[in-house]
Amino acid sequence: MLFRSLCDGRRGGDHAQQQRAPEMTSFTVASILEKTTNRDKDFRYMATSDLLAELSKETFKPDSDGERKICKCVLKLLNDQSSDVQGLAVKCLSPLVRKVHEQQVEEIMVTLVTQVLTGKEEQRDICSIGLKTVVLEMPQVMAVTAVRQLAPKLVSGVAKDTLEVKLESMDILNDLLKRFGGHLREEESDACLTALFKELGSRAAARKRAIACIASLSAALPDKLLGQLVASIVSKMDDKGITADLRRTYIQTLSAISRSGGYRLGKQLDLVVPLVLQQCSPAKARGDAEMCEACLQAFDSFVLRCPKDVAVFQQEIARMALQYISYDPNYADEDGE
């Protein structure tokens with residue numbers, strides 16, 4: 001009887017501890033949040049580290065009021081004067097967006113994208129990293145919300161005159177399109193495509209990001225828009241006034257679309273392959289090694305991704321590849337042999 005009483009007492013004590021655990025956690029978090037406002041950056045760093053540890057616990061589930069306070073605190077820490085504190089705050093976003101309600105995640109997204117587009121330079125960098133983290137870590141069920149809240153704003157950022165804003169917007173947009181591109185409405189896809197296509201004629205850094213975004217978008221584009229995109233590139237290539245750089249960019253874009261969209265480009269190969277063959281012909285390339293390389297990479301993607309559709313062009317592609325297989329652009333000799 002005594003043994004049973006002791007066991008019952010211990011079980012009762014364990015039950016009481018389990019009941020008190022949420023209260024202790026709430027008290028702990030409240031204490032941590034208070035310390036994040038300390039004037040000493042070392043105190044703020046340790047408090048942020050403790051907050052990250054709490055958020056990473058599988059058992060930690062804040063109530064609605066706690067969610068709001070934590071989200072507000074983390075957003076404030078992202079703009080902390082200490083870069084170390086900022087780095088920890090970004091890490092807090094990963095477990096945070098998986099545990100709070102959709103409304104809180106939405107507010108975090110809106111706040112961060114606004115700071116990316118209109119904030120100061122020092123804010124923009126860290127908020128951009130934070131927003132990428134949110135996009136990559138947020139639950140799949142929030143796909144529609146993410147697209148509606150972020151896509152139009154990021155497209156407006158792509159059109160900005162400030163290069164840094166333009167580049168950050170395309171980096172984030174690329175991540176968004178990779179995860180949730182299939183949830184874009186047709187008019188949203190069209191707006192995205194229009195803004196990105198314009199950037200193919202921009203600076204080298206912007207061109208590279210625009211190609212990546214178009215590739216990610218092409219995997220989810222309706223057949224109608226994909227056909228219009230390819231037709232636009234073909235039409236631009238027929239323009240005798242475009243520069244060699246832009247010609248290479250269009251070829252690289254077609255290659256990227258093929259690698260991302262796979263078989264979907266197969267329906268357009270009757271237009272695309274003759275165009276690429278023409279660009280890498282000795283008469284057209286005129287010793288432009290970068291153009292030849294871009295064309296060969298495009299052929300590689302066509303053969304890998306659309307083997308059936310490209311079959312009718314295999315002989316011509318093989319002939320062109322064999323023609324350049326012995327070509328070394330780094331070799332120079334006066335002797336024609």
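A disulfide is a pair of cysteine sulfur atoms within 2.5 Å. The predicted model shown in these views holds zero disulfides.

**View 1. Cysteine 71 takes part in no disulfide.** The cysteine sulfur nearest to that of cysteine 71 belongs to cysteine 73 and is 9.9 Å away. Because a disulfide needs two sulfur atoms within 2.5 Å, this pair does not count as one. Cysteine 71 is buried, at 4% relative accessibility. Another buried cysteine is cysteine 127, with a relative accessibility of 0%.

**View 2. Alanine 151 sits in helix H7.** This helix covers residues 143-158. Is alanine 151 buried or exposed? Its relative accessible area is 5%, so alanine 151 is buried. Setting aside residues up to four places away in sequence, alanine 151 touches Ala146, Leu176 and Leu184. The C-alpha atom of alanine 151 is also separated by 7.0 Å from that of leucine 173, although the two residues are 22 residues apart along the chain.

**View 3. Phe299 and Phe302 belong to the largest nonpolar core.** The core has 104 residues, and these two phenylalanines touch the most other members. In soluble globular proteins, nonpolar side chains tend to be buried together. Which residues does phenylalanine 299 contact, leaving aside its neighbours within four places in sequence? They are Val273, Val276, Leu277, Cys280, Ile317 and Met320.

**View 4. Lysine 166 and glutamate 199 form a salt bridge.** Their side chains meet with an N to O distance of 3.2 Å. The pair links distant parts of the chain, 33 residues apart. Lysine 166 lies in helix H8 (residues 163-180), and glutamate 199 lies in helix H9 (residues 186-199). Both ends of the bridge are buried: lysine 166 has a relative accessible area of 8%, and glutamate 199 has a relative accessibility of 6%. The whole structure contains 18 salt bridges.

**View 5. Arginine 209 and aspartate 171 form a salt bridge.** The distance from N to O is 3.2 Å. This bridge joins helix H10 (residues 204-218), which holds arginine 209, to helix H8, which holds aspartate 171. The two residues are 38 residues apart. Arginine 209 is partly exposed at 26% relative accessibility, and aspartate 171 is partly exposed at 23%.

**View 6. Glutamate 188 and arginine 185 form a salt bridge.** The closest N and O atoms of the two residues are 3.4 Å apart. How do the two ends compare, buried or partly exposed? Glutamate 188 counts as buried, with 12% relative accessibility, whereas arginine 185 is partly exposed, with a relative accessible area of 41%. Both residues are part of a network of salt bridges that also links Arg148 and Glu187.

**View 7. Two stretches of the chain have pLDDT under 50.** The mean pLDDT of the protein chain is 87, and 88% of its residues reach 70 or more. Over residues 1-7, however, the pLDDT is below 50, and the model shows zero contacts for this stretch beyond near neighbours in sequence. Residues 9-24 also stay under 50. For residues 9-24, the model has zero contacts beyond four places in sequence.

Technical notes. Residues numbered from 1 in each chain as written. Predicted model: local features only at pLDDT ≥ 70, side-chain atom pairs only at ≥ 80, totals over all residues. Heavy atoms only, no water. Helix = DSSP H or I, 4+ residues; strand = E, 2+ residues; numbered from the N terminus. Buried < 20%, exposed > 50% of the residue type's maximum accessible area, 1.4 Å probe, protein only. Contact = heavy atoms within 4.5 Å. Core = buried A, V, L, I, M, F, W, Y, C linked by side-chain atoms within 4.5 Å. pLDDT = per-residue confidence, 0-100. Salt bridge = Lys/Arg side-chain N within 4 Å of Asp/Glu carboxyl O.
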